[in-house]
Amino acid sequence: MALLELQEVHTYYGGIHALKGLSITVNQGEVVTLIGSNGAGKSTTLKTICGQTRAKQGKVLFNGKDITQLRTHDIAKAGIAHVPEGRRIFPKLTVRENLEMGAFGVSDKKVIEEGIERAFAYFPRLKERIDQKGGTMSGGEQQMLAIARGLMMKPQILMLDEPSMGLAPILVEQIFDIVTELNKEGMTILLVEQNANQALSVAHRGYVIQTGEIIMKDDADILLANPQVREAYLA
Ligand code: ATP
């Protein structure tokens with residue numbers, strides 16, 4: 001059984017048909033990437049999974065259970081973390097406070113402290129900046145904070161929306177290294193990227209999305225070598 005499965009999902013924004021019968025699966029332990037150009041529907045896919053926008057037709061299954069109509073915070077509680085595009089951290093809150101916000105609804109202080117310690121083990125840089133306001137950190141540090149916040153609820157799957165966006169090449173490298181490291185430690189990851197080259201390099205499998213439809217799916221190395229994919233997305 002797949003950890004996460006979208007079955008023929010249709011999502012609309014008013015009259016705009018953003019996802020047109022989208023089906024994808026993510027298995028336990030995989031890094032799966034969804035690549036495609038601007039406006040293809042990548043962010044909408046993640047938003048539909050976490051209930052921020054609703055599938056009008058089709059199903060989202062998590063551990064075999066239909067979560068299509070669950071409330072967003074119940075989906076998060078069930079084990080799906082969403083790190084949105086543009087790293088929406090709280091700029092006026094400190095690193096610690098941002099991390100605490102990632103554990104909303106958790107009242108056990110010990111669980112929160114453990115989460116923070118875990119985050120610092122992955123991101124030592126954040127520990128050095130624990131009392132610094134989020135908004136004063138670099139783009140790369142803010143992205144690390146956004147990912148660390150996503151990990152606070154001990155999710156079963158981490159969904160990252162364009163984590164490399166707007167970062168200098170060296171930081172992009174670091175972010176993709178983090179993806180690999182988290183996965184090595186067992187985290188399942190659904191990675192949405194316009195940076196197809198690097199995304200396919202760290203993923204096991206990939207899907208290519210175009211105007212709300214999956215037009216190609218395969219092992220990541222096969223997609224990486226595919227001339228059509230190279231021409232459209234790796235140029
Ligand atoms: P990007 O990298 O630009 O975020 P994307 O692949 O993530 O691209 P989506 O943001 O999912 O694409 O957008 C898919 C389609 O839905 C686009 O045509 C977009 O214009 C439209 N869309 C997205 N959000 C909204 C919204 N809130 N209201 C209306 N249309 C929207």
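Modeller: A polar contact here is a pair of N or O atoms within 3.5 Å. The model is predicted.

Biologist: Which residue has a side-chain N or O atom 3.3 Å from an oxygen atom of the ligand?

Modeller: The cut-off for a polar contact is 3.5 Å. At 3.3 Å from a ligand oxygen, this side-chain atom is within it. The residue is Glu 85.

Biologist: How far is a polar side-chain atom of Asn 38 from an oxygen atom of the ligand?

Modeller: Asn 38 is among the residues that come nearest to the ligand, with Gly 39, Lys 42, Ser 43 and Thr 44. Its polar side-chain atom faces a ligand oxygen at a distance of 2.5 Å.

Biologist: Which part of Ala 40 lies 3.0 Å from an oxygen atom of the ligand, backbone or side chain?

Modeller: The atom in question is an N or O atom. For Ala 40, it belongs to the backbone.

Biologist: How much of the ligand's accessible area does the protein cover?

Modeller: On its own, the ligand has 620 Å² of accessible area. The share covered by the protein is 64%.

Biologist: Which element gives the largest share of the shell around the ligand?

Modeller: The ligand sits in the second largest pocket. Strand E2 (16-26) and helix H1 (42-49) each give two or more residues to the shell. The largest share, three residues, comes from H1.

Biologist: How many residues of the shell are charged?

Modeller: There are 14 residues around the ligand. Four are nonpolar and seven are polar. The charged ones number three.

Biologist: Which residues does UniProt list for "domain: ABC transporter"?

Modeller: The name comes from an unreviewed UniProt entry. In the model, the chain over this range is 39% helix and 28% strand. The listed residues are 4-234.

Conventions. Residues are numbered from 1 along each chain as its sequence is written. This is a predicted model: local features need pLDDT of at least 70, side-chain atom pairs count only at pLDDT 80 or more; totals for chains, interfaces and linings use all residues. Side-chain values use heavy atoms; hydrogens and water are left out. UniProt positions are given in the numbering used here, feature names are shortened, and annotations may be inferred rather than shown by experiment. Helices (H or I, at least four residues) and strands (E, at least two) are DSSP runs, numbered from the N terminus. A residue is near a molecule or strand if one of its heavy atoms lies within 4 Å of it. A polar contact is a pair of N or O atoms within 3.5 Å; within protein, one must be able to donate a hydrogen and the other to accept it, and residues adjacent in sequence count only if both atoms are side-chain atoms. Accessible areas come from the Shrake-Rupley method with a 1.4 Å probe; for residues, only the protein chains shown count as cover. On a 1 Å grid over the protein atoms alone, a cavity is a set of points where a 1.4 Å probe fits but cannot get out, and a pocket is an open set with protein on both sides within 12 Å along at least five of seven lines; lining residues have an atom within 4 Å of a point. A molecule sits in a cavity or pocket if more than half of its atoms lie within 2 Å of its grid points. Ala, Val, Leu, Ile, Met, Phe, Trp, Tyr, Cys and Pro count as nonpolar, Asp, Glu, Lys and Arg as charged, and the others, Gly among them, as polar.
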